[in-house]
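Dear colleague,

Please find below the structure that I am handing over to you. I would be grateful if you would read the notes after it alongside the coordinates.

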Amino acid sequence: MSEPVNLYEAIGGEPTFRRIVGRFYEEVARDEILRPLYPEEDLGPAEERFRLFLMQYWGGPHTYSDQRGHPRLRMRHAPFKIGPIERDAWLRCIRIAVDEENLEEPYRQQLWAYLEMAAHSMMNSFV
Ligand code: HEM
């Protein structure tokens, strides 16, 4: 077998991202802080956007940008107040999802470091 060329392939491609993001949204659906932020009653489309974004970011297909254009994630999060409480709630949910996947190192650490950094950078409020 040839070596994986990127993290997307190394951790198992789309099925792995599908499980992680699916698990994340199960947590979001019952989180009192996060759930009210999501404008749509059906979390399915939001789940798909996040999954496609992460797949693209880690070297998978570019479907996210084909459908949504440039990510501009800070701009897209501007309508939602994201302070330390929202950030920590988000990190709690994604942490559960990543941990349950039992990814191999160094991929687990790489993915986690990115998610933590990205969550901090998405903040747009001090409270
Ligand atoms: C969209 C909340 C962090 C990636 C959204 C939406 C909300 C939200 C409410 C709108 C749902 C929708 O798509 O309709 C939050 C909160 C965060 C956070 C509270 C806490 C820090 C992040 C991070 C990433 C991310 C760290 C990336 C690593 C996305 C993507 C979308 C999205 C890709 C869809 C953008 C699009 O419209 O194409 N987020 N988010 N989010 N979020 Fe976050």
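The notes below cover helix packing, the ligand site and two backbone features.

Please bear in mind throughout that this is a predicted model.

Helix packing

Two packed helices are described by the angle between their axes and the distance between the axes. Helix α6 spans residues 84-101 and helix α7 spans residues 107-121; their axes are 10 Å apart and enclose an angle of about 165°. Since angles over 145 degrees count as roughly antiparallel, α6 is roughly antiparallel to α7. Their crossing is right-handed. On the α6 side, the contact is formed by R87, W90, L91, I94, R95 and V98, which meet R108, L111, W112, L115, E116, A119 and H120 of α7. By class, the residues of this contact comprise eight nonpolar, one polar and four charged.

Helix α6 also packs against helix α2 (residues 14-29), at an angle of about 140° and with the axes 8 Å apart. The two helices, α2 and α6, are therefore oblique to each other. The crossing of α2 with α6 is right-handed. Here T16, R19, I20, R23, F24, E27 and V28 from α2 meet W90, R92, C93, I94, I96, A97, V98, E100 and E101 from α6. Nine nonpolar residues, one polar and six charged make up the contact of α2 with α6. W90, I94 and V98 of α6 appear in the contact with α7 and also in the contact with α2.

Ligand site

There are 20 residues around the ligand, of which R49, Y64, R68, H77 and W90 come nearest. For Y64, an N or O atom of the side chain is 2.5 Å from an oxygen atom of the ligand. R68 places a polar side-chain atom 2.6 Å from a ligand oxygen atom. In the case of W90, the distance from a polar side-chain atom to a nitrogen atom of the ligand is 3.5 Å. W90 thus belongs to the residues that come nearest the ligand and is also part of the helix contacts described above.

Backbone features

Most residues other than glycine have a negative phi, and most peptide bonds are trans. Two places in the model depart from this pattern. The peptide bond from E105 to P106 is cis, with omega near 5°, and P106 is located in the loop between α6 and α7. R72, a residue other than glycine, has a positive phi, near 40°. R72 sits in the loop that runs between α4 (63-68) and α5 (73-77).

With kind regards

How values were computed: Residues numbered from 1 in each chain as written. Predicted model: local features only at pLDDT ≥ 70, side-chain atom pairs only at ≥ 80, totals over all residues. Heavy atoms only, no water. Axes fitted to C-alpha atoms, helices over the stretch in contact; angles between N-to-C directions. Helix = DSSP H or I, 4+ residues; strand = E, 2+ residues; numbered from the N terminus. Parallel < 35°, antiparallel > 145°, perpendicular 65-115°, else oblique. Left-handed = near helix turned anticlockwise from the far one by under 90°. Contact = heavy atoms within 4.5 Å. Nonpolar A, V, L, I, M, F, W, Y, C, P; charged D, E, K, R; others polar. Near = heavy atom within 4 Å. Polar contact = N/O pair within 3.5 Å; in protein donor to acceptor, adjacent residues only side chain to side chain.
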